[in-house]
Amino acid sequence: MKKVGIPQGLFYYYYYPLWEAFFRFLGLVVVRSSPTNKKIVDDGVTLAVDEACFPIKVYYGHVNELKGKGVDYIFLPRLVSIEPKSYICPKFMGLPDMIRAGIKDLPEVIDITVDLSRGDKGWQKELARLGKILNVNYRQIKKAYNYALEEYFSYRMIARQGYTRDEAIKVWQGEEISLPLDTPLHIGVLGHGYSLYDDFISMSVIKKLRGMGVKVYLSEHLPTEGIEKEASTLPKRVFWTLGRKMVGSALYMDKSPDIDGIIYVACFGCGPDSLIGEVIERKVKKPFMLLTLDEHTGEGGIITRLEAFCDMLARRKKRDEGYLPCYG
Ligand code: SF4
């Protein structure tokens with residue numbers, strides 16, 4: 001059986017169940033790279049172009065690891081847009097070319113273009129191209145894709161119940177993970193999924209907060225209509241899909257009486273983060289903390305900042321200080 005490698009980075013956290021189910025239906029064996037570790041990061045930093053943001057550098061490391069796993073194909077889709085009139089960060093558009101230029105002797109790269117901004121026609125063509133690469137007829141490809149969509153929707157339903165995306169993938173695969181218990185302190189945590197749910201990149205921010213007795217709210221746990229409604233209150237529409245969801249989620253969390261404070265996890269070198277983080281910081285009235293991470297970030301500093309933020313929120317709650325600014 002032929003093997004297809006899927007790197008455990010970037011849109012893995014959003015779409016792994018879809019693509020795993022798709023390739024499995026067609027009889028391929030899906031091989032993932034390991035969860036991010038120091039070697040993957042070091043290799044990625046060495047192989048990637050200097051200007052790349054941290055998650056892109058890490059992705060190079062994942063692809064490099066897969067190269068040594070004897071796979072026949074590596075799945076590196078060119079993500080342009082996943083919904084009408086909105087786009088994914090431009091770094092995703094050139095990713096397959098950047099990776100090919102940076103890592104030599106790769107197995108065959110499946111670089112289908114995902115661009116749903118212009119309707120379904122182009123996407124059907126790309127699926128047909130994928131069929132040619134895999135030597136499978138179009139009818140089978142369509143069947144596999146419909147099956148994969150069903151699996152994907154069931155994974156999304158799991159994520160909504162209160163899990164992180166990486167936990168939801170595990171639950172979707174049959175692992176038993178109990179939902180975190182409710183605790184008195186509630187914090188909304190935002191960030192691109194590929195940095196937030198990657199324990200190495202985010203230094204397990206979510207697990208650390210839970211360990212400090214915090215109930216963590218994520219974008220995935222909020223109603224989609226509510227997020228979109230809040231995002232639409234901005235004077236100009238944010239055309240980055242993930243950026244818009246983050247702003248909408250932050251504004252929704254800001255109004256939610258259940259949430260005491262908001263943390264935004266940004267990545268060093270990320271253009272959209274520098275803008276979206278700033279917009280959120282200016283708009284929200286609740287206590288807000290911006291954490292910027294890169295390969296040099298120390299874990300001790302992150303723990304100190306999380307503890308200080310939680311202590312401050314707990315103190316405010318106890319004294320019922322409300323959300324007056326710290327200066328008055
Ligand atoms: S949105 Fe930011 S973190 Fe994500 S790929 Fe683009 S530059 Fe990198």
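Salt bridges are a good place to start: counting each side-chain nitrogen of Lys or Arg within 4 Å of a carboxyl oxygen of Asp or Glu, the total comes to 19 salt bridges. The structure is a predicted model, in which local features need pLDDT of at least 70 and side-chain atom pairs count only at pLDDT 80 or more, while totals for chains, interfaces and linings use all residues. Residues are numbered from 1 along each chain as its sequence is written, and side-chain values use heavy atoms, with hydrogens and water left out.

Side chains of opposite charge can pair when their charged atoms come close. A helpful example is the network of salt bridges that links Arg78, Asp97, Arg100, Asp111, Glu126 and Arg129. Within this network, Asp111 pairs with Arg78, and the closest N and O atoms are 3.7 Å apart. This pair links distant parts of the chain, since Arg78 belongs to strand β4 (residues 78-81) and Asp111 to the loop between β5 (108-110) and β6 (113-115), 33 residues apart. Helices (H or I, at least four residues) and strands (E, at least two) are DSSP runs, numbered from the N terminus. Arg78 counts as buried because its relative accessibility is 17%; buried means under 20% relative accessible area, exposed over 50%, and partly exposed in between, with a 1.4 Å probe and protein chains only. Asp111 is buried too, with a relative accessible area of 10%.

Asp111 also meets the side chain of Arg100 in a salt bridge of 3.1 Å, N to O. Here the partner sits in helix α5 (residues 95-102), and Arg100 and Asp111 are 11 residues apart. Arg100 is partly exposed, at a relative accessible area of 35%. A further salt bridge joins Asp111 to Arg129 (3.5 Å, N to O). Arg129 is part of helix α6 (residues 121-134), 18 residues from Asp111, and is partly exposed at 32% relative accessibility.

Next comes the ligand. Its surroundings consist of Cys53, Pro55, Ile56, Cys89, Lys91, Phe92, His192, Tyr194, Cys270 and Pro272, where a residue is taken as near if one of its heavy atoms lies within 4 Å. Two or more residues of this shell come from each of α3 (54-67) and α4 (90-93). By class, the shell has eight nonpolar, one polar and one charged residues; Ala, Val, Leu, Ile, Met, Phe, Trp, Tyr, Cys and Pro count as nonpolar, Asp, Glu, Lys and Arg as charged, and the others, Gly among them, as polar. The ligand lies between domain 1 (3-160) and domain 2 (180-319), because both give residues to the shell; these bounds come from an automatic or database domain assignment.

The backbone offers two further points of interest. Most residues other than glycine have a negative phi. Leu10, although not a glycine, has a positive phi of about 50°. Leu10 is found in the loop between β1 (3-6) and α1 (12-25) and is buried, with a relative accessible area of 3%. Asp105, likewise not a glycine, has a positive phi of about 55°. Asp105 lies in the loop between α5 and β5, and its relative accessibility of 70% makes it exposed.
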